[in-house]
Amino acid sequence: MSPGQIVLLVAVVATLGFGVWRALTDGRFRGTHAVKGVASAGSSGEEVVPASRSLPPPVVIEGVEYGERATLLQFSSAFCAPCRATRRVLSEVTAVVPGVSHVEIDAEHHLSLVRELGILRTPTTLVLDADRREVRRAAGAPRKEDVLAALSEAIS
C-alpha cells in the first residue's frame, strides 16, 4: 500500500469511529457538571460535581414560567434542525406529565445566559427540579424515554 492509501484508510476509520461515538452519545442525559472559570455550579463542563458539594444555584430567568414539579429548559437557535424535533418531544412529554413545563430559549438572543450555564451547542435541554436547580442536561436531540427518565429523577 502506498502512503496515500494508508492516510486515506486512517482518515476513514477515524471518521467512522467519531460518527459511531457521536451517535451513541448525542442527546443522552448526563449529570450536572461544573465549567472551569464560571462562577455558577451546575453548568456543563469537564469536571463532574460530586454529590458532597453544595447544590447548584437555581436557574433564574426573567419572564419564564417554571413548572410546579419540574421544568424542561431548551436552548435552541433559528437554524437548528434538531431543535424542532426536540421541541416536539419536550412538548409531548409536558402534555403527559402534570406539573412540568417546557421553556424554549433562543441561544442567540441570550448569550450571557448561555455562557453562564455553559451551553456549548444547540439543542441543549436542562431538566430543572421544582427549586429551579439543574438536575440533568442533554446536548443534542433527546429521546422521549430519556426525557421521562430524567424527569423522574427531578420529580422524586
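Among contacts in the chain between residues at least 6 apart in sequence, 66% join residues at least 24 apart. That figure comes from a predicted model, as does everything below. The chain folds into four helices and seven strands, and reading along the sequence gives the pattern α-β-β-β-β-α-β-α-β-β-α. Of the 156 residues, 38% are buried. On the outside, the chain exposes about 9000 Å², with carbon and sulfur atoms supplying 60% of that area.

Part of that surface belongs to a nonpolar patch of about 510 Å², put together by M1, I6, L9, V10 and V13. L9, one of the patch members, sits in helix α1, which spans residues 3–25. Its relative accessible area is 46%, so L9 is classed as partly exposed.

Now for the stretch around strand β4. T71 lies in this strand, which covers residues 70–76. With a relative accessible area of 0%, T71 is buried; the cut-off for that label is under 20%. The T71 side chain is not without a polar partner, as it reaches the backbone nitrogen of G67 at 2.9 Å. Once neighbours within four places in sequence are set aside, T71 is in contact with Y66, S101, V103, L126, V127 and L128.

R69 belongs to the loop between β3 (47–48) and β4. Here the relative accessible area is 36%, so R69 counts as partly exposed, whereas T71 is buried. The R69 side chain also goes for a backbone atom, reaching the oxygen of P98 at 3.1 Å. Leaving out neighbours within four places in sequence, the contacts of R69 are V97, P98, G99, D129, A130, A154 and I155. One of these, A130, makes a nice example of a long-range pairing: R69 and A130 are 61 residues apart in sequence, yet their C-alpha atoms are 4.7 Å apart in space.

Next come the charged pairs. Side chains of opposite charge can pair when their charged atoms come close. The structure holds six salt bridges. In one of them, the side chains of E92 and K144 meet with an N to O distance of 3.9 Å. This pair ties together distant parts of the chain, with E92 in helix α2 (residues 81–96) and K144 in helix α4 (residues 144–155), 52 residues apart. For a cut-off of 4 Å, the 3.9 Å distance qualifies. Both ends are partly exposed: E92 has a relative accessibility of 33%, and K144 has a relative accessible area of 30%. The E92 and K144 pair does not stand alone, as R88, E92 and K144 are linked in a network of salt bridges.

A second salt bridge joins R136 to E153, the closest N and O atoms being 3.3 Å apart. This pair, too, links distant parts of the chain: R136 is in strand β7 (residues 134–139) and E153 is in helix α4, 17 residues apart. R136 has a relative accessible area of 22%, so it is labelled partly exposed. E153 carries the same kind of label, with a value of 39%.

Then there is the pairing of E134 with R137, where the closest N and O atoms are 2.8 Å apart. What sets the scene here is burial, since both E134 and R137 are buried. By contrast, R136 is partly exposed.

Finally, the cysteines. The disulfide count comes to one, and the bond in question joins C80 to C83, with an S to S distance of 2.2 Å. The link of C80 and C83 is right-handed, with 90° about the S-S bond. Both partners are tucked away from the surface by the accessibility measure: C80 is buried with a relative accessible area of 5%, and C83 is buried at 0%.

Definitions and conventions: Residues are numbered from 1 along each chain as its sequence is written. This is a predicted model: local features need pLDDT of at least 70, side-chain atom pairs count only at pLDDT 80 or more; totals for chains, interfaces and linings use all residues. Side-chain values use heavy atoms; hydrogens and water are left out. Helices (H or I, at least four residues) and strands (E, at least two) are DSSP runs, numbered from the N terminus. Buried means under 20% relative accessible area, exposed over 50%, partly exposed in between (1.4 Å probe, protein chains only). A polar contact is a pair of N or O atoms within 3.5 Å; within protein, one must be able to donate a hydrogen and the other to accept it, and residues adjacent in sequence count only if both atoms are side-chain atoms. Contact means heavy atoms within 4.5 Å. Patches are made of residues with over 30% relative accessible area and no salt bridge: like charges are joined within 9 Å, nonpolar side chains (Val, Leu, Ile, Met, Phe, Trp, Tyr) within 5 Å. Accessible areas come from the Shrake-Rupley method with a 1.4 Å probe; for residues, only the protein chains shown count as cover. A disulfide is a pair of cysteine sulfur atoms within 2.5 Å.
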